[in-house]
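Let us take a walk through this model together, moving from side chains to the helices that carry them. Please have the viewer open and follow along.

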Amino acid sequence: MIRVIAAGINPVDAKIRSGLHRSCKDLQLPAILGKDVSGIIEKVGSNVLDFKIGDEIFGLTNGSYAEYAIASAETIVKKPANISFYEVAAVSVAGLTAYQAINDQLQIKEGQKVLIQSAAGGVGHLATQFAKLAGAFVYGTSSAKNADFLLELGVDTSINYKAEKFEEIATGLDAVMDTMGGEILYRAINIVKPGGKVVCLPSSTKDDPIALKMAKERNVELIWPMMQPQKKHLQLFATLLEKGTLKVKVEKVFPLNEIVSAHETIESHSVSGKIVVGVSEPAKI
């Protein structure tokens, strides 16, 4: 049992709240939302050997928008002492999505050219860092206000999607991580080399017949991934965060009683980095 210090806000939370996510058909109401969690362990089961009361942790659970949450020992890891509860609360869902897209699905290798759409966003800013760690040449799209942020992340060529067409700048790509679907996805498929790969994150666009046809004609592998809660990946994030090799940007921390505003912010699609909800203060534990 975890006393929750902070909970990360993800687009999937808003989709579940709105009833649009495919998991909603099995959702029992009333429901407590939230998957990203950071906090302090207050109780442990008799078979739990790796954690003890008082351990500071982060990871995945169901129902993190609450003062207390229950998590499996297989989906949490210990928080680095030099990283805040707010930062680690932001990293699990977005980090797993980004890491698995870059390393498992796209299988980015040194010297490859990859385009990261929405590179300043919650998943995008982490995917950009993972692609750079893999040795890729990275193109990243964002609005003009985030151009400097992309350079800080290590993006080799930033693209202002409001003023520039990414397909005129990023060409001959080995891979694309798409965050939009639809027309943006179609344009992305056209600039990937035969034999290349495209990951499309929005599950609502899965099996788009136009995209499938285009990918087949161009000999491009098109993937709609499903994030897997891998403890070894969470442990890797803890190590990278502790060393400063990976950074997570928290744009704003809302108090729990402003959860409506937090969801409105995430639904505005204008967030740079991540949004977090602070549930309680560590000093009061």
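Here, buried means under 20% relative accessible area, exposed means over 50%, and partly exposed lies in between (1.4 Å probe, protein chains only). By that yardstick, Tyr-99 and Phe-237 are both buried. This is a predicted model, in which local features need pLDDT of at least 70 and side-chain atom pairs count only at pLDDT 80 or more, while totals for chains, interfaces and linings use all residues. Residues are numbered from 1 along each chain as its sequence is written, and side-chain values use heavy atoms, with hydrogens and water left out.

Now to the rings. Rings of Phe, Tyr and Trp (its six-membered ring) pair if their centres lie within 6.5 Å; planes under 30 degrees apart count as stacked, over 60 as edge-to-face and the rest as tilted. Searching the whole structure gives four aromatic pairs. One of them joins Tyr-99 and Phe-130 edge-to-face, at 5.2 Å centre to centre and 85 degrees between the planes. Tyr-99 belongs to helix H3 (residues 92-105) and Phe-130 to helix H4 (residues 124-133), so this pair links distant parts of the chain, 31 residues apart. Helices (H or I, at least four residues) and strands (E, at least two) are DSSP runs, numbered from the N terminus. Both Tyr-99 and Phe-130 are buried.

Tyr-99 also pairs with Phe-237: their ring centres are 6.0 Å apart and their planes at 70 degrees, so this pair is edge-to-face. Because Tyr-99 lies in H3 and Phe-237 in helix H9 (residues 231-243), the pair ties together parts that are 138 residues apart in sequence. Tyr-99, Phe-130 and Phe-237 form one aromatic cluster.

How do the helices meet around these rings? Axes are lines fitted to C-alpha atoms, for helices over the stretch in contact, and angles run from 0 to 180 degrees between N-to-C directions. The axes of H3 and H4 come within 8 Å and cross at roughly 40 degrees. That makes H3 oblique to H4, because angles under 35 degrees count as roughly parallel, over 145 as roughly antiparallel, 65 to 115 as roughly perpendicular and the rest as oblique. Contact means heavy atoms within 4.5 Å; among the residues that meet here are Ala-98 and Tyr-99 in H3, and Ala-127 and Phe-130 in H4.

H3 and H9 have axes that come within 10 Å and cross at roughly 105 degrees; the two helices are therefore roughly perpendicular to each other. Their contact includes Leu-96 and Tyr-99 of H3, along with Leu-234 and Phe-237 of H9.
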